[in-house]
Amino acid sequence: MGPQVGFTKEFRDRLRKLDSDVQAETWEAASKVVEGHTAVHVHKLEGTDYVAFGVNRNALRVICLRESGTLLLVHVDQHD
């Protein structure tokens with residue numbers, strides 16, 4: 001089993017601006033993180049306190065803060 005996941009208001013507000021298919025892909029990727037699925041890799045963002053994971057092949061990323069066994073989803077957007 002992977003980490004517990006929470007999300008900020010900013011994340012939720014940004015997610016609502018995406019189309020419904022992308023929203024579903026984002027929740028699916030987050031679920032895979034929680035399940036510890038190896039297809040979704042959480043990696044450190046160099047030079048920051050943040051980590052991220054990819055949502056789809058279109059370079060959509062979720063930016064998170066990690067503290068012990070919890071990931072706090074703070075933002076979702078295109079890579080870079």
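The radius of gyration here is taken over C-alpha atoms, and the globule rule is 2.2 Å times the number of residues to the power 0.38. This is a predicted model, where local features need pLDDT of at least 70 and side-chain atom pairs count only at pLDDT 80 or more, while totals for chains, interfaces and linings use all residues. Residues are numbered from 1 along each chain as its sequence is written, and side-chain values use heavy atoms, with hydrogens and water left out.

**Exercise 1.** Work out whether the radius of gyration of the protein agrees or disagrees with the globule rule.

*Solution.*
- Start with the expectation: for 80 residues, a compact globule would come out near 12 Å.
- Now compare: the protein has 12 Å, so the two agree.
- For the outline, the C-alpha trace spans about 30 × 25 × 25 Å along its principal axes.

**Exercise 2.** List the elements in order from the N terminus.

*Solution.*
- Helices (H or I, at least four residues) and strands (E, at least two) are DSSP runs, numbered from the N terminus.
- Counting them gives two helices and five strands.
- Reading along the chain, you get β-α-α-β-β-β-β.

**Exercise 3.** Place Cys64, decide whether it is buried or exposed, and find what it touches.

*Solution.*
- Find the element: Cys64 sits in strand 4, which covers 60–67.
- Check the cover: buried means under 20% relative accessible area, exposed over 50%, and partly exposed in between (1.4 Å probe, protein chains only). Cys64 is at 0%, so it counts as buried.
- Look across the fold: Val51 is 13 residues away in sequence, but the C-alpha atoms are 5.2 Å apart.
- Collect contacts (heavy atoms within 4.5 Å): outside four places in sequence, the partners of Cys64 include Tyr50, Phe53, Leu71 and Val74.

**Exercise 4.** Take the loops on either side of strand 4 and contrast Asn56 with Ser68.

*Solution.*
- Asn56 belongs to the loop between strand 3 (50–54) and strand 4. With a relative accessible area of 17%, Asn56 is buried.
- A polar atom of the Asn56 side chain lies 3.3 Å from the backbone nitrogen of Leu60. Beyond four places in sequence, Asn56 also touches Glu25 and Arg61.
- Ser68 belongs to the loop between strand 4 and strand 5 (70–78). Ser68 is exposed, at 72%.
- One backbone oddity to flag: Ser68 isn't a glycine, yet its phi is positive, about 45 degrees.

Conventions. A polar contact is a pair of N or O atoms within 3.5 Å; within protein, one must be able to donate a hydrogen and the other to accept it, and residues adjacent in sequence count only if both atoms are side-chain atoms.
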